[in-house]
Amino acid sequence: MEDFDFYKKNSKKNTKQGQRLTEKVSNGSLSSIGERVLLKDPHSNVKRDKNTVDKRSFEKVYNATNRLQKKSTIVNGSRGKLKVGTSTKGRYPQLSEELELDEKWFPLLDYLSTFGLKESHFIQIYERRMASLQINVASAQERLEFLLSVGVKHKDIRKIIMRQPQILEYTVENNLKSHVGFLVDLGVPHSRIGHIISAAPSLFSYSVEQSLKPTVRYLVEEVGIKTSDVSKVVQLSPQILVQRLDNSWSTRYGFLSKELGASKDSIVKMVRKHPQLLHYSIEDGILPRINFLRSIGMCNSEVLKVLTSLTQVLSLSLEDNLKPKYLYLVNDLKNEVQSLTKYPTYLSLSLDQRIRPRHRFLVSLKKAPKGPFPLSSFVPTDECFCQQWAKTSLDKYLAFRQNLLLKDFAKKYERR
């Protein structure tokens, strides 16, 4: 990590030379030289007067000033702290107000700004991990370019840095490469590496040997995930690599086996399909959705069948998703609730974008079957639906759906 203090330990001779240079600055003969001067050296054992500046350090300031081609003010702080000149305030005004901003941070800040980070982001990073803003720009560029090279999207870099600013400090050779290699060894396709990093950047803070590999062993040996399925599970929920699996697995396994009489094979199947299950709260997430399915007339075995087939039901909103779909199922489609055990996929489909438009389109064409509306008509793609059920062109259906969506939007707007 690059040291951003201007001064190092100096001899008494250099200290005296610094005093003479400071006197020239005070007299105005060097008033245009040097953009900023630190008046206190936290790393030096030499006790200095507040107005003491050593020659070598002054030359650094002079050279930095020539490179940046700026003019500023040298101001003595009451406690020897850095005071920021007018040109600095103009460049990063918010940072200058809230932090003791060092101009040696500028190249790094400028580079990070190309990923969409603003002054407010830098302040948050500073408060969480000041060291992440004290590395040199070349190191940061090497590390972020490596992430981009393995598939991380440019637009995701900002999110990654905000969630895990330490990633700017992790070296390519000693950290980043080994963790990417670990994911590749699991069988994660190269095209999905970037997705996993973006979803769980904190994985770089965990030891491959001491943490990540033991987590995978637990998934296989204790949970019961097949080795061939580990890659799929990690891709579906990258956070599983950085989670305390022993507690989350045992509590959810115990709850589902007791509440629904679920076998271990059924629960393992749920985890394999939807590993986010291990993140969900039992009290606030899993149990309320089980109780909802019970409330609409399902027995425990039917609830278990739905959850085993479509575990993501546990992630759906009760008020905005499950309840409206159930009401449409029984009131408009004239179906019994038990039909969901045969077509649980119905619960995962969009009511506005798929279920209602297809139903009403067939009704408008007078091609809707009598009796309960077939839920199987919601499963195929739009093109197959038009060929198999509507017997009309895709364009005609898309135009109908668009018009229906506009009408529904207008009704919602009127209610407001």
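Lys391 is exposed, with a relative accessible area of 59%, and its phi is near 55 degrees, a positive value in a residue other than glycine. The structure that holds Lys391 is a predicted model, and the protein contains 21 helices and zero strands. The points below begin with the overall make-up of the protein, continue with two loop residues and two helix pairs, and end with two residues that lie in helices.

**Overall make-up**

- The protein has 416 residues, of which buried residues make up 46%.
- Its accessible surface comes to about 21,900 Å², and carbon and sulfur atoms account for 49% of that area.
- When contacts are restricted to residues at least 6 apart in sequence, 71% of them join residues that are at least 24 apart.

**Loop residues with positive phi**

- Lys391 lies in the loop between α20 and α21, the latter helix covering residues 394-415.
- Lys366 is found in the loop between α19 (351-364) and α20 (382-390), and its phi, near 60 degrees, is likewise a positive value in a residue other than glycine.
- Lys366 counts as exposed because its relative accessibility is 78%, where the cut-off for exposed is over 50%.

**The pair α9 and α11**

- Helix α9, formed by residues 172-186, packs with helix α11, formed by residues 208-223, at an angle of about 20 degrees, and their axes are 12 Å apart.
- That angle makes α9 roughly parallel to α11, since angles under 35 degrees count as roughly parallel, and the crossing of α9 and α11 is right-handed.
- On the α9 side the contact involves Ser178, His179, Phe182 and Leu186, which meet Val208, Leu212, Lys213 and Val216 in α11.
- By residue class, the contact of α9 with α11 divides into five nonpolar, two polar and one charged residue.

**The pair α17 and α19**

- The axes of helix α17, which spans residues 318-331, and of α19 come within 12 Å and cross at roughly 5 degrees.
- This angle makes α17 roughly parallel to α19.
- Pro324, Lys325 and Tyr328 of α17 make the contact with Leu351, Ile355, Arg356, His359 and Arg360 of α19.
- The residues of this contact of α17 with α19 comprise four nonpolar, one polar and three charged.

**His121 in helix α6**

- His121 lies in helix α6, which runs over residues 119-128, and it counts as buried because its relative accessibility is 15%, the cut-off for buried being under 20%.
- With neighbours within four places in sequence left aside, His121 is in contact with Gly116, Arg158 and Met162.
- For one of these partners, Met162, the C-alpha atom is separated from that of His121 by 7.2 Å, although the two residues are 41 residues apart along the chain.

**Glu259 in helix α13**

- Glu259 lies in helix α13, which covers residues 245-259, and it is partly exposed, with a relative accessible area of 26%.
- Apart from its neighbours within four places in sequence, Glu259 is in contact with Leu287, Arg294 and Asn300.
- The C-alpha atoms of Glu259 and Ile290 are separated by 9.2 Å, while the two residues stand 31 residues apart along the chain.

Technical notes
Residues numbered from 1 in each chain as written. Predicted model: local features only at pLDDT ≥ 70, side-chain atom pairs only at ≥ 80, totals over all residues. Heavy atoms only, no water. Axes fitted to C-alpha atoms, helices over the stretch in contact; angles between N-to-C directions. Helix = DSSP H or I, 4+ residues; strand = E, 2+ residues; numbered from the N terminus. Parallel < 35°, antiparallel > 145°, perpendicular 65-115°, else oblique. Left-handed = near helix turned anticlockwise from the far one by under 90°. Contact = heavy atoms within 4.5 Å. Nonpolar A, V, L, I, M, F, W, Y, C, P; charged D, E, K, R; others polar. Buried < 20%, exposed > 50% of the residue type's maximum accessible area, 1.4 Å probe, protein only. Areas by Shrake-Rupley, 256 points an atom, 1.4 Å probe, with all protein chains shown as cover.
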